[in-house]
Amino acid sequence: MQNGYLNSLVYIAVSISMLFFGYLSDLIEKRKTLSKNFSRKLFESISQFGTAVCLILVPFVGCNYVMLIILLILSMFLYGALAGGDGPIVMDIAPDYSGSLYGFTSSVSSIPGFVAPVVIGLLLEYDVSVKYNH
């Protein structure tokens, strides 16, 4: 039961951060504090480099599971900055068709999710049959 609570912290962190960074991105755009282009790049950089730094630090904490959990939660919190990075780009490109474009891009991006296991299964089946028939 404790494992479920710990796993849920990661998803709670990314949900809260997406709300936070999305709101912050809208606020920056509304106040014209930064250019839209720079703002998108900034949030994208925070999400990618912040997550990378946290995950690079994971092997260095050793068996300190509290620090490990903190790093994983922090990495997902920083990953939520995508809500201000590449998340709103579709609306920037074509605001009138953003729903259709989100649907299309989500459909296309999910193709590797069901094609890759089939391909790997075929490759492993071939290698196993060749390896064990000799």
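## Salt bridges around E29 and K36

In this predicted model, the side chains of R40 and E29 form a salt bridge with an N to O distance of 3.4 Å. The pair links distant parts of the chain, since R40 belongs to helix α2 and E29 to helix α1 (residues 2–31), 11 residues apart. R40 counts as buried, at 9% relative accessibility, whereas E29, at 30%, counts as partly exposed.

E29 also meets K36 in a salt bridge (3.5 Å, N to O), and the side chain of K36 in turn pairs with that of D92 at 3.6 Å, N to O. Because K36 lies in helix α2 and D92 in helix α4 (residues 89–93), this pair ties together parts that are 56 residues apart in sequence. K36 is partly exposed, with a relative accessible area of 40%, and D92 is partly exposed at 32% relative accessibility. E29, K36, R40 and D92 are thus linked in a network of salt bridges, and the count of salt bridges in the model comes to four.

## Helix α3 and its buried face

Helix α3 comprises 15 residues (65–79), which at 1.5 Å a residue should span 21 Å, and its end C-alpha atoms are indeed 21 Å apart. Within α3, L71, S75 and L78 are buried; seen down the helix axis, the buried residues fall within an arc of 70°, so they line one face of the helix. What covers these buried residues includes α2 (36–57).

## A nonpolar surface patch

A nonpolar patch on the surface is formed by F104, V108, I111, F114, V115, V119, I120, L123 and L124, which together have about 830 Å² of accessible area. One of these residues, L123, is found in helix α5 (residues 98–132) and is partly exposed, with a relative accessible area of 48%.

Terms used:
Residues are numbered from 1 along each chain as its sequence is written. This is a predicted model: local features need pLDDT of at least 70, side-chain atom pairs count only at pLDDT 80 or more; totals for chains, interfaces and linings use all residues. Side-chain values use heavy atoms; hydrogens and water are left out. Helices (H or I, at least four residues) and strands (E, at least two) are DSSP runs, numbered from the N terminus. The expected span of a helix is 1.5 Å times one less than its number of residues. Buried means under 20% relative accessible area, exposed over 50%, partly exposed in between (1.4 Å probe, protein chains only). The arc is that of the directions from the helix axis to the C-beta atoms. Contact means heavy atoms within 4.5 Å. Patches are made of residues with over 30% relative accessible area and no salt bridge: like charges are joined within 9 Å, nonpolar side chains (Val, Leu, Ile, Met, Phe, Trp, Tyr) within 5 Å. Accessible areas come from the Shrake-Rupley method with a 1.4 Å probe; for residues, only the protein chains shown count as cover.
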